[in-house]
Amino acid sequence: MGEITKKIVDGHVEGSAIKSYCNECGADRNHTILKSIRIYVSEVVAREMINDNLCEHTVDGSNEYLTLQCMGCEDISFMREHWFSEDEHDPYYGTVLHHKFYPPRSNNLLNGDKLDSVPINLKGIYSEVVDCFNNSSFILCAVGLRTLIEGICSEQGVDGGNVFHKNDEGETKPVRSSNLDGKIEGLHEKGILTKNHAEILNTHRFLGNEAVHQLRAPHKNELETAINILEHLIDSLYVIPQKGIALKEMMTKRKKTN
Ligand SMILES: [Zn+2]
């Protein structure tokens, strides 16, 4: 292990504001930064002479700890912002900043009542997907999302769909596939998923077999989009039909009493 340097450096300016979800207000709110401490860590991993100058190669990272106060309800919460030079750089978003909140932000939790009419096996997977997302376990969250899609397909009797591949002559032809991409297309073919949503799910790199097998953490925003699409799907398949039945029963009861 090389020489490690730790020092306190400038971070977010105390008294300035950042936008974050507030559990109490139930919405995004500006938060005042009451206190901030950023610790920068650097480790020398190699030294070499270049043009008579000693050059040091380092790996670097920082942890910043912030006390936040909601400018709406004045609730206090805490945030840790972390980055590490050796983390994979996202091709679209560049350096990946990781954020952890205490208490965890509840904006991505599905309302418990909403899950009442969802089959128990899907409910269990969905809850674990949301837990992984809220705890920044993004690889496990992606694996869980794949399992959730597989579960919905199985429950809906979808075992595959047509995906388009280029053949040796360069022609694009539909091929029946029972892989995840085929099943997502199958959900669309059955009219369960919109074409737009099927395309979004299929273009998310983390849902591809290769990405999951390489255990590359997907970006939080991509996961959030995929979770939103599946929430929408769960809503339309299980929650709205149940509400329709309840509404019909209420109307029948009312007619009888009139
Ligand atoms: Zn608030």
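**A tour from the β7–β8 hairpin to the domain boundary**

Begin at the hairpin that β7 and β8 form in this predicted model. Five residues separate the two strands; within the turn, select Gly170, whose phi is positive, at about 85°.

Next, display the backbone of β7 (residues 161-166) together with β8: the two strands run antiparallel and are joined by six bridges. To follow one of these pairings, select Lys166, whose bridge partner in β8 is Thr172.

Now select β8 alone, residues 172-177. How many of its six residues are buried? The number is zero, so β8 lies largely in the open. For this count, a residue is buried if 20 or more other C-beta atoms lie within 10 Å of its own.

Turn then to the interior. In soluble globular proteins, nonpolar side chains tend to be buried together. The largest nonpolar core here comprises 28 residues, and Leu145, Leu148 and Leu230 have the most contacts inside it. Colour the elements that each supply two or more residues to this core: α1 (120-134), α2 (138-156), α3 (180-189), α4 (195-203) and α6 (220-257). Of these, α6 gives the most, with nine residues.

Finally, colour the protein by its domain assignment, which gives domain 1 as residues 1-107 and domain 2 as residues 110-258. The C-alpha centres of the two domains are 33 Å apart. Where they meet, six residues of domain 1 are in contact with four residues of domain 2. On the domain 1 side of this contact, three residues are charged, two are nonpolar and one is polar.

Definitions and conventions. Residues are numbered from 1 along each chain as its sequence is written. This is a predicted model: local features need pLDDT of at least 70, side-chain atom pairs count only at pLDDT 80 or more; totals for chains, interfaces and linings use all residues. A residue is buried if 20 or more other C-beta atoms lie within 10 Å of its own, exposed if 12 or fewer, and partly exposed in between; C-beta atoms are placed from the backbone. Helices (H or I, at least four residues) and strands (E, at least two) are DSSP runs, numbered from the N terminus. Two strands pair if DSSP finds at least two bridges between them. A nonpolar core is a set of buried Ala, Val, Leu, Ile, Met, Phe, Trp, Tyr and Cys residues joined through C-beta atoms within 7 Å. Domain bounds come from an automatic or database domain assignment. Two residues are in contact if their C-beta atoms, placed from the backbone, lie within 7 Å. Ala, Val, Leu, Ile, Met, Phe, Trp, Tyr, Cys and Pro count as nonpolar, Asp, Glu, Lys and Arg as charged, and the others, Gly among them, as polar.
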